Every structure is written in C-alpha cells, then in structure tokens.
Amino acid sequence: MSWRDADLIFSDALPALSCSMVPAHPYIYGLGQETGNGNYLSPANACQYLAGKLASTGGTFDTIVMMVASSSHSEFMAALNALADVFPTPSFTQTARLAQSMATLATDKMQLPDKPRNALPEAQLLSVTTARTMSASSAITAAQEAAAAPASVADIEAAIASFATTCQQIAEDAATAAGDLIAKSARIHAFSMSGDLVTTASELVKGVPDSAAGYTAAMMFVAPDLSAINAMIHDIGN
C-alpha cells in the first residue's frame, strides 16, 4: 500500500504487542542536518533511513510508518504534539520535547544577555544518595510506628471508607482519561504494507509526501502482525 494521508485515532481495543520500532527525526545523530538555525530532516531522507533498516533485515513482516512533516517549525511542533497525545511512544514524546526545547533555546538566545564568565552557576536541587537513603528510612520507620499504634473500630471504619472513596475516584479518573484519549485524533502521513521487507523497503521510498518539508518525525513499526495498529489508521473522511 502506498503513502496516504490519514487520521490516527486511538482504540480501546489495542492489545499488548511486541514489535520493532525505529524512529527517524532531526535530532538523531548523523541523520538530521544540524545548523546554526536548528535541526532539519526531509521526509525523503527519513524514509531512506527507515528503508535501509528494512533492507538490511529481510524476512516477511507487517510494516507501518507514521510520519508528520512540515516546512514550518511551529506547524511541525503542533502536528508532533497532536501525534504524541494520541500515540505517546517514548520517541514521539521525546522528539516533541526536543523540538520545543530547540524553539525555546532559540528564543532565549535572542532575549537573554550573555552571562558573565565568572558568575556562579544556577541553583539546582541538591540530592545525594545518602540523604535519599536516610529520608526513605525515616519514612519507613514512621509508617511502622503508625501501623503499630492502637486503632479503634471507628478509626478502622474511617480508614476503610477513605480507601473506598479513593478507589472510586481512581476508577472515575481512569475512565475519564480513557474517554478523552479515544476522542483525540492526529493527522498523519501513513504507510502500511505486509510482505517481504526488501520489497517493502523499495515501496517505502516511492511517492514520499511533503518532499519539500524541512522538519520530519516518523516511527516505523515492524512485526508479524500489526493489524491492531493498522485499525487505528483511518482514511480521511472514513
């Protein structure tokens, strides 16, 4: 199947599955082009990189690629954030954070004066292993003492009622979060194909969308069966 524009909609029926995942984004060393104005990666170069992984592996598998691309950094971040909201793989969320950090850094460079060379470094949280160990030990001791203290029937009933209320609130929050997730969607460029990976690699680099874009982030999934992920990719209007 060739490249197509699609809406990615999360499914509550997505089972746990094992697959190979290969990211492609401007911040991968040796892949993106780093300049004084930022990091860049074209869709064609991203697909060539992913295709090389397939051709070097061989075998018969399902392959899916999700990609967002734009000529504008702001539009790229918006598309990437939407994708990370719907399908928050570590790579998508990390790339979104890197893109935001690069944008913030560029703004800060224009707004902040140079720091004096001999100035003190910025304050940061002091955390050492021994202090964390003592803190944890104190917390455990306090919990043990509280557990050993005598409790009345009223105290026990109050604790049970509080626990039941907390459990109910957690269940309601989980249901709300699931509903919010299912309601989200992200516009992506999608590629999916099943078969020999060498053939898939050759098809992946054909008709790559947004060829003039300078910002690209993609994730390739490879496994014997990716039908559950493929069911989340909907042709626009369907």
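Let me start with R4, which at 19% relative accessibility counts as buried, because the cut-off for that label is anything under 20% relative accessible area. I should say at once that what we are looking at is a predicted model, and everything I describe today should be heard with that in mind.

R4 forms a salt bridge with D235, and the closest N and O atoms of that pair are 2.7 Å apart. R4 lies in strand 1, whereas D235 lies in strand 8, which covers residues 233-235, so the pair ties together parts that are 231 residues apart in sequence. The partner is not classed as R4 is, since D235, at 35% relative accessibility, counts as partly exposed.

How many salt bridges does the structure hold? There are three of them in the structure, and I would like to take the other two in turn.

The next one involves R187 and D7, whose side chains meet in a salt bridge with an N to O distance of 2.6 Å. Here R187 belongs to strand 6, residues 185-196, and D7 belongs to strand 1, so this pair ties together parts that are 180 residues apart in sequence. As for accessibility, R187 counts as partly exposed at 49%, while D7 counts as buried at 16%.

Let me stay with D7 for a moment and put its surroundings together. Its place is in strand 1, which runs over residues 4-9, and its side chain is also joined to that of R187 by a polar contact of 2.6 Å. Which residues does D7 touch, if we do not count those up to four places away in sequence? They are A186, R187, M232, I233, H234 and I236. I233 and H234 in that list fall within the residue range 233-235 of strand 8, the strand in which D235, the partner of R4, lies. A186 and R187, also touched by D7, fall within the range 185-196 of strand 6.

That leaves the salt bridge between E203 and K206, whose side chains meet at 3.1 Å, N to O. For this pair, E203 counts as partly exposed at 29% relative accessibility, and K206 is likewise partly exposed, with a relative accessible area of 47%.

To draw this together, strand 1 supplies R4 for the bridge to D235 in strand 8, and strand 1 also supplies D7 for the bridge to R187 in strand 6, while E203 and K206 form a salt bridge with each other.

Conventions:
Residues are numbered from 1 along each chain as its sequence is written. This is a predicted model: local features need pLDDT of at least 70, side-chain atom pairs count only at pLDDT 80 or more; totals for chains, interfaces and linings use all residues. Side-chain values use heavy atoms; hydrogens and water are left out. Helices (H or I, at least four residues) and strands (E, at least two) are DSSP runs, numbered from the N terminus. A polar contact is a pair of N or O atoms within 3.5 Å; within protein, one must be able to donate a hydrogen and the other to accept it, and residues adjacent in sequence count only if both atoms are side-chain atoms. Contact means heavy atoms within 4.5 Å. A salt bridge is a side-chain nitrogen of Lys or Arg within 4 Å of a carboxyl oxygen of Asp or Glu. Buried means under 20% relative accessible area, exposed over 50%, partly exposed in between (1.4 Å probe, protein chains only).
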